[in-house]
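Colleague: Could you take me through one part of this model up close? I'd like the sheet, starting from a single strand and working outwards.

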Amino acid sequence: MEKIIPQHIAIIMDGNGRWAKKRGLARSFGHVEGAKALRRIIEYLPKIGVKYLTVYAFSTENWNRSEEEVSTLMSLFLKYIKNERKSMIKNGIRFYVSGRKNNVSQNLLSEIEKLQEETKNNERLTLNIAFNYGGRAEIIDAVNKIIETDEKNIDEKIFSKYLYNSFPDPDLVIRTSGECRISNFLLWQIAYSELYITDILWPDFDEKEIDKAIESYSKRDRRFGGVRNV
């Protein structure tokens, strides 16, 4: 069977804390290793023809974690942007962040906006990071934007214009660490996405695991609500 490459892959990067706990390390070490896993995947996907990658980095609910862990995650994201900037520009990666801006420091927001502007014309791979993101929050924000306009007779196409971005809907959603939940991720966009759950913890996720997910995806019969052809 010919391997079918999804245009857009979305990943719930779960298991950083458990990875660290299994090794007797602080949760922060798991997040550091998780960033390395993300780099591996970003480098690999353009080679096999994937054009969009959306990753769930920090949810609106994650503010409920300990102050220490939240601070660590913010610092790691800022460090990630600074460390990966040259590589993204050089390798044709478009950087984009989807989510709310409230509670995020001005310093971090400035770095996000700077890298988005510097990479906006890159086309090899679009990296969309869901940061301070919630699927319900995105829908509510879209509704509030529409209320402020003169739009009438709202349909799905019009509604989609008011979401955080206009990227194609994900073809494949991967969740690591074995949890079988969507966790408020891309609720509008993944209506017909294929789901793939793996027990692998995110820091251990690599090219071979992506290939397994795509192999599974290639065997699916995507019908979008239609009737199977027999």
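Modeller: Here is a walk from one strand out to the sheet, its helices and the largest pocket. This is a predicted model, so local features need pLDDT of at least 70 and side-chain atom pairs count only at pLDDT 80 or more, while totals for chains, interfaces and linings use all residues. Residues are numbered from 1 along each chain as its sequence is written, and side-chain values use heavy atoms, with hydrogens and water left out.

Let's start with β1, residues 8–12; strands here are DSSP runs of E, at least two residues, and helices are runs of H or I, at least four, numbered from the N terminus. Five of the five residues of β1 are buried, so the strand is largely enclosed by the rest of the structure; buried means under 20% relative accessible area with a 1.4 Å probe, protein chains only. In a regular strand, side chains alternate between the two faces of the sheet. In β1, His8, Ala10 and Ile12 point one way, Ile9 and Ile11 the other.

Now its neighbours; strands pair if DSSP finds at least two bridges between them. β1 runs parallel to β2 over five bridges, with Ala10 opposite Thr54. It also pairs in the parallel sense with β5 (172–175), over four bridges, and there Ala10 stands opposite Val173.

Zooming out, six strands make an open, parallel sheet in the order β3-β4-β2-β1-β5-β6. β3 (93–98) and β6 (194–197) are the edge strands, each pairing on one side only. From one strand to the next the twist averages 20°; axes are lines fitted to C-alpha atoms, for helices over the stretch in contact, and angles run from 0 to 180 degrees between N-to-C directions.

Further along, β2 and β4 pair in the parallel sense over seven bridges, and Phe58 stands opposite Phe131. As for helices, α2 lies across β1, β2, β3 and β4, at about 165° to β2. Helix α4 (106–119) touches β3 and β4, making about 140° with β3; contact means heavy atoms within 4.5 Å.

Phe58 turns up again at the largest pocket: of 31 lining residues, Met13, Asn16, Tyr56, Ala57 and Phe58 lie nearest its centre. A pocket is an open set of points on a 1 Å grid over the protein atoms alone, where a 1.4 Å probe fits, with protein on both sides within 12 Å along at least five of seven lines; lining residues have an atom within 4 Å of a point. Among the elements that each supply at least two lining residues are α2 and β2.

How values were computed:
Buried means under 20% relative accessible area, exposed over 50%, partly exposed in between (1.4 Å probe, protein chains only).
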